[in-house]
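This report describes a single protein chain. It proceeds from the interior to individual strand and loop residues.

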Amino acid sequence: MRKALAAIIFAAIAAPAWAQMSPVGLWRSVDDKTGEAKAEIRIAETSGVLNGRIEKSLKKDADPAATCTECKDDRKGKAIAGLEIIRGVKKADDREVWEGGKILDPENGKEYRASLTPIEGGKRLEVRGFLGPFWRTQTWQRVQ
């Protein structure tokens, strides 16, 4: 009985930590060049696939009515608030990394191969966009 109770208590304490090692949640993106907060992005999972939407812009001069004028696909002309910028990312079989999808930079309309890696116990997320052999990495901060 004691072992079963101990296992239940351990699972209840450890479960939130396991959940935090996933990219699912609300994140604050930070510009890798200026260090300024840019937006809050909500990453959600549906059937093992991650997608992420901009919940709100945090830029000082952000226009609440701004649209993705540079987008080249179905997101062209869509409002930045609510815009899906991460599509089709899945967990790698052998590592704590989610990859295989795309991430959109709504400022220039370019789409990159994406890689999402939780770090620091899930408090931060390394977001890497690849274009051929080149990549750019931002470190996002968990809000929730």
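## Nonpolar core

In this predicted model, Ile43 touches Pro23, Val24, Gly25, Trp27, Leu50, Asn51, Gly52, Ile86, Leu116, Leu125 and Trp140, with residues up to four places away in sequence not counted. Ile43 also belongs to the largest nonpolar core, a set of 22 residues. Within that core, Ile43, Ile85, Leu116 and Trp140 touch the most other members. At least two core residues come from each of strands E2 (37-46), E3 (49-57), E4 (84-91), E5 (98-105), E6 (110-119) and E7 (124-131).

Two of the contacts of Ile43, Leu116 and Trp140, are thus named again among the core members that touch the most others. As a general background, nonpolar side chains in soluble globular proteins tend to be buried together.

## Overall architecture

The protein chain contains one helix and eight strands. Their order from the N terminus is α-β-β-β-β-β-β-β-β. Of its 144 residues, 33% count as buried. The accessible surface comes to about 8,900 Å², and carbon and sulfur atoms account for 56% of it.

Contacts in the protein chain can also be described by sequence separation. Among those between residues at least 6 apart in sequence, 40% join residues at least 24 apart.

## Disulfide and aromatic residues

The count of disulfides comes to one. This link is formed by Cys68 and Cys71, whose sulfur atoms are 1.8 Å apart. It is right-handed, with 80° about the S-S bond. Both Cys68 and Cys71 are buried.

A search of the whole structure for aromatic pairs finds zero. An aromatic ring does, however, take part in a contact with a charged residue: Lys91 lies over the face of Trp98, at 5.5 Å from the ring centre.

## Residues in strands E3 and E5

Arg53 is placed in strand E3. With a relative accessible area of 43%, Arg53 is partly exposed. Leaving aside residues up to four places away in sequence, Arg53 touches Glu40, Ile41, Arg42, Gly82, Leu83, Glu84 and Ile85. Ile85 is also one of the core residues that touch the most other members. Arg53 and Ala81 are 28 residues apart in sequence, and their C-alpha atoms are 7.9 Å apart in space.

Strand E5 holds both Glu99 and Asp105. Glu99 is partly exposed, with a relative accessible area of 30%, whereas Asp105 counts as buried, at 12% relative accessibility. Asp105 is classed in this way because its value lies under the 20% limit for buried residues. Beyond neighbours within four places in sequence, Glu99 is in contact with Gly88, Val89, Lys90, Ala92, Ala114 and Ser115. With the same neighbours left aside, Asp105 is in contact with Lys110, Tyr112 and Arg136. The C-alpha atoms of Glu99 and Val49 are separated by 9.8 Å, and these residues are 50 residues apart along the chain.

## Strand E6 and its partners

Ile119 is located in strand E6. At 22% relative accessibility, Ile119 counts as partly exposed; this class applies because the value falls between the limits of 20% for buried and 50% for exposed. Ile119 touches Arg124, Leu125, Glu126 and Thr139, not counting residues up to four places away in sequence. Leu125 is also touched by Ile43.

Ile119 and Gln141 are 22 residues apart in sequence. Their C-alpha atoms are 9.9 Å apart in space.

## Loop residues with positive phi

Which residue in the loop between E2 and E3 is considered here? It is Ser47, which has a positive phi of about 55° although it is not a glycine. Ser47 is exposed, with a relative accessible area of 76%.

Glu120 is placed in the loop between E6 and E7. Its phi is near 50°, a positive value in a residue other than glycine.

Notes: Residues numbered from 1 in each chain as written. Predicted model: local features only at pLDDT ≥ 70, side-chain atom pairs only at ≥ 80, totals over all residues. Heavy atoms only, no water. Core = buried A, V, L, I, M, F, W, Y, C linked by side-chain atoms within 4.5 Å. Buried < 20%, exposed > 50% of the residue type's maximum accessible area, 1.4 Å probe, protein only. Helix = DSSP H or I, 4+ residues; strand = E, 2+ residues; numbered from the N terminus. Contact = heavy atoms within 4.5 Å. Phe/Tyr/Trp six-rings, centres within 6.5 Å; stacked < 30°, edge-to-face > 60°. Lys NZ or Arg CZ within 6 Å of the ring centre and 35° of its normal. Disulfide = S-S within 2.5 Å. Areas by Shrake-Rupley, 256 points an atom, 1.4 Å probe, with all protein chains shown as cover.
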